[in-house]
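Subject: Structure handover

Hello,

Here is the structure for you to take over. Please open it alongside this note.

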Amino acid sequence: MAKILIVDDEEKIRDVIREYAEFNHHEVREAADGMEAVTMALNEDFDLIILDIMMPRLDGFTACKEIRREKDVPVIMLSARGEEYDKLFGFELGIDDYVVKPFSPEELMARISAVLARRKRSLENMDAPEFRSGGLVVHTASRTVTLDGARIDLTLKEYELLAYLIRNRDIAMSRDKLLRDIWGYDYFGDDRTIDTHIKNLRGRLGSYRDRIVTVRGIGYKFEDDEDRV
């Protein structure tokens, strides 16, 4: 059972999601706008947030950014718009999935299960206290990253991508595998999602950006300095 926050200004949509979520033995709380969602998310612990984009007072993108400043919680975005820009912008914020309205409640429940399962696997796999590559350190307990002792801010997906590449260092990982293992088997994105996140991640790593190596025709891998010829 998971504790889920449903955020949508349409009461009927909240009612449908609540009915199916409770049938699947989840505990449900509701918010009708972005401001209410931020307040609830910062004062309570949730296992997952379902967050509509177009809402009064505060849109879903802004609410997601505010919540992620304080809480590392999976987010599934809902939107009546299916534009690629909205999807890519959402994933750059670190959301875990994106569902376009109208949607099948059964499909949404399947996506919730997939996101929760990925988060569980991620937490179980991050059992080492830290991963270190020179002055680049991934602190697994706090899920933070430091460069030469200074903390850098990463989105959730940027963090998961970096940690995954470090755990599989020196192994060329295809874009398809990265999409499956980090975003999930049912994610509908394409190679540009990975490339965008790699570009942003390299930008945040500064002088350590070249630790993430492009493997032509395959994807990416992480290399330590001492591993290079």
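Below is what was found in it, sheet and cores included.

This is a predicted model: local features need pLDDT of at least 70, side-chain atom pairs count only at pLDDT 80 or more, and totals for chains, interfaces and linings use all residues. Residues are numbered from 1 along each chain as its sequence is written, and side-chain values use heavy atoms, with hydrogens and water left out.

The sheet. It is open and built from 5 strands in the order 2-1-3-4-5, with parallel pairing. Strands are DSSP E runs of at least two residues, and helices are H or I runs of at least four, both numbered from the N terminus. Two strands pair if DSSP finds at least two bridges between them. Strand 2 (27-31) and strand 5 (97-100) are the edges; each has a single partner strand, so one side of each lacks a neighbour in the sheet. From one strand to the next, the twist averages 20°. Strand 1 (residues 3-7) runs parallel to strand 2, joined by 5 bridges. Leucine 5 faces arginine 29 of strand 2 there.

Helix 2 (residues 34-43) packs on the sheet and touches strands 1, 2 and 3 (48-52). Contact means heavy atoms within 4.5 Å. The direction of helix 2 makes about 140° with that of strand 2. Axes are lines fitted to C-alpha atoms, for helices over the stretch in contact; angles run from 0 to 180 degrees between N-to-C directions.

The cores. A nonpolar core is a set of buried Ala, Val, Leu, Ile, Met, Phe, Trp, Tyr and Cys residues joined through side-chain atoms within 4.5 Å. Buried means under 20% relative accessible area, exposed over 50%, partly exposed in between (1.4 Å probe, protein chains only). The largest core has 50 residues, and Ile49, Leu51, Leu178 and Leu205 have the most contacts inside it. Helix 6 gives the most to this core, with 7 residues. A second, separate core has 17 residues, including Ala2, Ile6, Val99 and Phe103.

Helix 6 (residues 156-167) is largely enclosed by the rest of the structure, because 11 of its 12 residues are buried. Among them are Leu156, Tyr159 and Leu162. Leucine 205 touches Leu162, as well as Leu136, Leu147, Ile152 and Ile212, not counting residues up to four places away in sequence.

Proline 105. This residue is found in helix 5 (residues 105-125). Proline 105 is buried, with a relative accessible area of 18%. Proline 105 touches Val16 and Tyr20, again not counting residues up to four places away in sequence.

Best wishes
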